[in-house]
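Colleague: I would like to learn how to read a model such as this one, taking one feature at a time. Could you give me the general idea in each case and then show me where it applies?

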Amino acid sequence: GDGTVSHVVHHLAHSPTVLGYLPLGTTNNFGRSLGLPLKLSGAVDVINQGRVADIDLGRVDDRYFANLVSIGISGEVAGRTPHQLKRRIGRPAYALTGARTLVRHQPFTAEVRSGTTTWRVRTHQLNVANGSMHAGTAISADASLDDGLLMAYTLGGRSRFSTVRATVRQVLTPRHPSEHKGFLLGGDFTVSTDRPLPVDVDGEIVGTTPIEIQVVPRALHVMVPWPPGAPGPNGATPG
């Protein structure tokens, strides 16, 4: 799963080892970002017959991550979602836990700085993405694991209804470009909040705000599928 991947990539960053990914988690955001098959047999084929790609990683202080840093309601959801419920119903387990948590959650003010740009937002949820997927859905049309950029965005404002509305809009507009959605792109971010908040890194709580986040280009070797129409390792063209 994504939490396991976060631990693994921290140790594999800048090493010659090539990572092979199997989709055994609940949402498999990292695998989806890589364009991997979600069936186990297909993922095994990629490990055996795919190609090696160099992808970016993010780094929170001194810890590497693959996909997403979240601050806000997701930190509570990560700690409260029962493992048995995840095994039983999969991705909807997070939505159910999130709905219950949002009823009591209080908004926070965050200051996000990147280069000469400063955001000041009041929200229930702030994300900084390296990968292209969140909750099993594409973040935007131009999100990528190899573009040398991170992407910061909020889900709604201070009201709980705006969080629900923004989450639904995100699910319904996965292929809109980041500029159209008002996201902030950059190579590094400094995030502070009006109170210390848990920092969720690929589904694992690793500390509290304030934090510094950076992109580390081409930091990991990973097996990915051959592009459609490209010759495979034996000269065959994938169907």
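Modeller: Let us begin with Asp202, which lies in the loop between β13 and β14, bearing in mind throughout that this is a predicted model. The general idea is that most residues other than glycine have a negative phi, and most peptide bonds are trans. Asp202 departs from that pattern, with a phi near 50 degrees, a positive value in a residue other than glycine.

Colleague: Is Asp202 buried or exposed?

Modeller: Asp202 counts as buried, because its relative accessibility is 8% and the cut-off for buried is under 20%. A second positive phi, near 65 degrees, belongs to His14, in the loop between α1 (2–12) and β1 (18–19). His14 counts as exposed, however, because its relative accessibility is 53%.

Colleague: Which peptide bond is cis?

Modeller: The bond from Thr209 to Pro210 is cis, with omega near 5 degrees, and Pro210 sits in the loop between β14 (204–208) and β15.

Colleague: Before we go on to single elements, how many helices and strands are there in the chain, and what share of its residues is buried?

Modeller: The chain has 8 helices and 15 strands, and 49% of its 239 residues are buried. It is also useful to ask how far along the sequence the contacts reach: of the contacts with a separation of 6 or more, 70% are between residues 24 or more positions apart.

Colleague: How should I read the two sides of a helix?

Modeller: The general idea is that an α-helix has 3.6 residues a turn, so residues three or four places apart point the same way. In helix α3 (residues 40–49), the residues Gly42, Ala43 and Val46 are buried. Viewed down the axis of α3, these buried residues fall within an arc of 100 degrees, and therefore they line one face of the helix. The face turned away from that buried side carries the exposed residues Ser41 and Asn48.

Colleague: Against which element do the buried residues of α3 pack?

Modeller: They pack against β15 (211–224).

Colleague: And how do I read the surroundings of a residue in a strand?

Modeller: Set aside the neighbours in sequence, and look at what else is in contact. Ser114, in strand β5 (residues 108–114), counts as buried because its relative accessibility is 10%. Leaving aside neighbours within four places in sequence, Ser114 is in contact with Leu184, Gly186, Gly187, Asp188 and Phe189. Asp54, in strand β2 (residues 51–60), is partly exposed, with a relative accessible area of 25%. With the same neighbours left out, the contacts of Asp54 are Asp146, Arg218, Leu220 and His221.

Colleague: How many salt bridges does a search of the whole structure find?

Modeller: The search finds 5 salt bridges. For each one, look at the distance between nitrogen and oxygen, then at the accessibility of both partners. Arg120 and Glu111 meet in a salt bridge at 3.7 Å, N to O; Arg120 counts as exposed at 63% relative accessibility, while Glu111 is partly exposed, with a relative accessible area of 24%. These two residues also belong to a network of salt bridges that links Glu111, Arg113 and Arg120.

Colleague: Which residue forms a salt bridge with Arg122?

Modeller: Asp194 does, with the closest N and O atoms 2.9 Å apart. This pair links distant parts of the chain, because Asp194 is in the loop between β12 (188–193) and β13 (198–201) and Arg122 is in strand β6 (residues 117–123), 72 residues apart. Both count as partly exposed, Asp194 at 45% relative accessibility and Arg122 at 30%. Asp194 also forms a salt bridge with Arg195, where the closest N and O atoms are 3.8 Å apart.

Colleague: Finally, how many cavities of 30 Å³ or more are there, and which residues line the largest cavity?

Modeller: The count comes to 1 cavity of 30 Å³ or more, and the volume of the largest cavity is about 50 Å³. Its lining includes Ala129, Asn130, Gly131, Ala143, Ser144 and Asp147, together with Leu149, Leu150, Met151 and Leu185. The lining residues divide into 6 nonpolar, 3 polar and 1 charged.

Definitions and conventions:
Residues are numbered from 1 along each chain as its sequence is written. This is a predicted model: local features need pLDDT of at least 70, side-chain atom pairs count only at pLDDT 80 or more; totals for chains, interfaces and linings use all residues. Side-chain values use heavy atoms; hydrogens and water are left out. Helices (H or I, at least four residues) and strands (E, at least two) are DSSP runs, numbered from the N terminus. Buried means under 20% relative accessible area, exposed over 50%, partly exposed in between (1.4 Å probe, protein chains only). Contact means heavy atoms within 4.5 Å. The arc is that of the directions from the helix axis to the C-beta atoms. A salt bridge is a side-chain nitrogen of Lys or Arg within 4 Å of a carboxyl oxygen of Asp or Glu. On a 1 Å grid over the protein atoms alone, a cavity is a set of points where a 1.4 Å probe fits but cannot get out, and a pocket is an open set with protein on both sides within 12 Å along at least five of seven lines; lining residues have an atom within 4 Å of a point. Grid points are joined across faces, edges and corners, and a volume is the space filled by probe spheres set on the points. Ala, Val, Leu, Ile, Met, Phe, Trp, Tyr, Cys and Pro count as nonpolar, Asp, Glu, Lys and Arg as charged, and the others, Gly among them, as polar.
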